[in-house]
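Open the model in your viewer and follow the stops below.

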Amino acid sequence: MDYISCNDKRFWGSSDAQTIQNAIDFAKSEHIHEVVIPHRNARTGEEIWHIDQNIVLPSSMTVILADAYLRAADDQAIHVFCTEFSEEELHDIRILGVGEATIDGGKWTRDNRPEYYFENDPENWPDGSDYDLIFFYNVRNFEVGNLCITNAKHYSTCFTFCRFGRIHDIHFRNYATVENQDGVDLRYGCEFITVENITGVTGDDTVALNAIDEKETTRPRVNGKSIDIHDITIRNIIASTHGSSLVRLLNTDGAKLYNITIENIKDTGKTISICAIFFGTPSAVWARERQHTEDEFYNITIRDVSTCASLGIRFGECCRDVLVENFHTYGMCEVPLQFSAPFTCQNFTLRNACLRSDKPFRAGIAVLCDKEKLRNFRMEQVYLDKSQHVFAVQDLPITDFVYEEPEQGYLTEEFDKSQLPFYGRYFKHSLGKVIQRRAPENRYGGTTPPEADF
């Protein structure tokens, strides 16, 4: 046999999830490497597969969603697909869709949403890794693609200690109905991975590289493996987020982030993204012991970015050897470029930037860092549309600069930081973290998350 079908009566179990697991387990035992989940569920007669337990994938296994709709059970902290926490590296695992293949995270009712654990039982809220819809751990040679993912209860997809993989052609429909609805998260230990052709709307960061040294987590480390993230390509991201970033880069406590290429990033403007790309975080909120150094965040190439996010690109932490080229802002962008303390950089080039907005900027470039610590810092061929001020707080070196009137001053007085957009979500708490000054609405028009896609 070339594949196993979940509609084969031999594998029918007490639930849809158990039926799929039975088919996978049988395929593994018979050295068959492909399991197909059809559009119609023959066991129930429905055109939906109800998932009430983790479906665990072994090595050398491909799962095909043939126009299938999988929906996670409401109010349960489960994955739809995951791998075991194995010290032995798994390999060759694929989840691929055909037609309108969809993974639906189901719903949290109000009293069971994770943010309410902070109010009711702050010591026992579930770790988010318990309910990422797709969770791979310690896998070599993997692929996830051709899927629609909606209503995630936490991260839509999460990969930890994974390498040599491709995540592609995924359409997200997540509307910040719960916290942390990221699209693709590459956690610590990921290397040689391509993320491409990502569309739709995410409730949090669309793609995040997250080398945060989490010593307290349900995701254990793999003995002998580095927690660095490196040699990652992110391209063709055409999406928007709810008060977050299209691409987020984070690392702390000695974990390195390097050799990253980000290209062809397009903000659709369906929601109000906070940034197109966000380097780090301006405060030490995620660091256990210390924030990273320049030598732990380096070799970053960004090209062909077009965004209407509130902030175009925000540089928030130390880095070196950074190239940004072909950068364009438009629409409702408020501050195209922001350099926030503790940002420092050695060898930084911004080339060919066109900074526009539907309304005049108050300041085109906000410099909220120590510019004396910027070494070999160049900004070339920059065009700034009408703006009250070129810089906020301090100036920076710019060559081949083009600017349209009116200009009221080259440097501002102390910049009013209240003018900057602030972190906004729908809920008061983010897994125990109180969100202050939350924006009441995060879309242009409308006050509640839509039932359908934009």
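The tour goes from the whole chain to a group of strands, then to a single residue.

This is a predicted model, so local features need pLDDT of at least 70 and side-chain atom pairs count only at pLDDT 80 or more, while totals for chains, interfaces and linings use all residues. Residues are numbered from 1 along each chain as its sequence is written, and side-chain values use heavy atoms, with hydrogens and water left out.

**Whole chain.** Colour by secondary structure. The protein chain has 2 helices and 31 strands (DSSP runs numbered from the N terminus: helices are H or I, at least four residues; strands are E, at least two). Of its 454 residues, 56% count as buried (under 20% relative accessible area, with a 1.4 Å probe and protein chains only).

**Strand β6.** Select residues 69-72. Leu70 and Ala72 form the covered face. Tyr69 and Arg71 form the uncovered one. In a regular strand, side chains alternate between the two faces of the sheet.

**Its partners.** Add residues 49-51, strand β3: β3 and β6 run parallel, joined by 3 bridges (strands pair if DSSP finds at least two bridges between them). Isoleucine 51 stands opposite alanine 72 of β6. Now add residues 102-104, strand β9, which pairs with β6 over 3 bridges, also in the parallel sense. Here leucine 70 faces isoleucine 103 of β9.

**Threonine 241.** Move to strand β17, residues 229-241, and pick threonine 241. Is threonine 241 buried or exposed? Threonine 241 counts as buried because its relative accessibility is 0%. Its side chain reaches the backbone oxygen of serine 244 at 2.9 Å.

Methods: Buried means under 20% relative accessible area, exposed over 50%, partly exposed in between (1.4 Å probe, protein chains only). A polar contact is a pair of N or O atoms within 3.5 Å; within protein, one must be able to donate a hydrogen and the other to accept it, and residues adjacent in sequence count only if both atoms are side-chain atoms.
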